[in-house]
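Hi,

Here's the structure I said I'd pass along. Have a look at it first, and my notes follow underneath.

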Amino acid sequence: MTKKDIIMKISDETNLKQIDVKKVVQKTFDYIIEALNRGEKIELRNFGVFKIKQRRSRTGRNPRTGESVPVPPRKVVVFKPGLEMKHEVK
């Protein structure tokens with residue numbers, strides 16, 4: 001399912017214009033990204049939690065040459081589903 005599919009479903013069920021729904025959906029995603037950039041946790045009740053996790057540096061290996069290469073630390077987004085989602089998705 002794509003963002004466009006979500007917009008179309010919401011538009012059909014609410015009788016709102018697709019352009020208006022698209023603005024709301026995009027703003028929601030924008031605010032989630034902004035909060036994650038600030039290091040905040042996003043908690044959506046019964047859906048799940050988005051947060052930033054710091055990965056430590058490590059030594060990787062170049063698959064072509066087998067040479068060891070340092071992999072720097074980095075931040076990644078992690079998602080933990082809420083209880084309701086866990087029960088619904090089987």
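To get you oriented: in which loop does Asn 15 lie? Asn 15 belongs to the loop that runs between α1 and α2. Keep in mind as you read on that this is a predicted model.

Asn 15 caught my eye for its backbone. Its phi is near 60°, so to speak a positive value in a residue other than glycine. Asn 15 also counts as exposed, because its relative accessible area is 70%, and the cut-off for exposed is over 50%.

A second asparagine does something along these lines. Phi of Asn 46 is near 65°, again positive, and again the residue is not a glycine. You'll find Asn 46 in the loop between β1 (42–44) and β2 (48–55). With a relative accessible area of 52%, Asn 46 is exposed too.

Now the helices on either side of that loop with Asn 15. Helix α1 covers residues 3–14 and helix α2 covers residues 18–37. Their axes come within 9 Å and cross at roughly 125°. That angle falls outside the ranges for roughly parallel (under 35 degrees), roughly perpendicular (65 to 115) and roughly antiparallel (over 145), so α1 and α2 are oblique to each other. As for handedness, the crossing of α1 past α2 is right-handed.

Who makes the contact? On the α1 side, the residues are Lys 3, Ile 7, Met 8, Ile 10 and Ser 11. On the α2 side, they are Gln 18, Val 21, Lys 22, Val 25, Gln 26 and Phe 29. Sorted by type, the residues of this contact come out as six nonpolar, three polar and two charged.

Last item, the charge pairs. In general, side chains of opposite charge can pair when their charged atoms come close. The count here is two salt bridges:

- Glu 40 with Arg 38, where the closest N and O atoms are 2.9 Å apart. Glu 40 is partly exposed at 36% relative accessible area, while Arg 38 is exposed at 52%.
- Arg 45 with Glu 43, where the closest N and O atoms are 2.7 Å apart. Arg 45 is exposed at 69% relative accessible area, while Glu 43 is partly exposed at 40%.

So if you're skimming, take away these: an oblique, right-handed crossing of α1 and α2, two salt bridges, and positive phi values at Asn 15 and Asn 46.

Cheers

Terms used:
Residues are numbered from 1 along each chain as its sequence is written. This is a predicted model: local features need pLDDT of at least 70, side-chain atom pairs count only at pLDDT 80 or more; totals for chains, interfaces and linings use all residues. Side-chain values use heavy atoms; hydrogens and water are left out. Axes are lines fitted to C-alpha atoms, for helices over the stretch in contact, and angles run from 0 to 180 degrees between N-to-C directions. Helices (H or I, at least four residues) and strands (E, at least two) are DSSP runs, numbered from the N terminus. A crossing is left-handed if the near helix is turned anticlockwise from the far one by less than a right angle, and right-handed if clockwise. Contact means heavy atoms within 4.5 Å. Ala, Val, Leu, Ile, Met, Phe, Trp, Tyr, Cys and Pro count as nonpolar, Asp, Glu, Lys and Arg as charged, and the others, Gly among them, as polar. A salt bridge is a side-chain nitrogen of Lys or Arg within 4 Å of a carboxyl oxygen of Asp or Glu. Buried means under 20% relative accessible area, exposed over 50%, partly exposed in between (1.4 Å probe, protein chains only).
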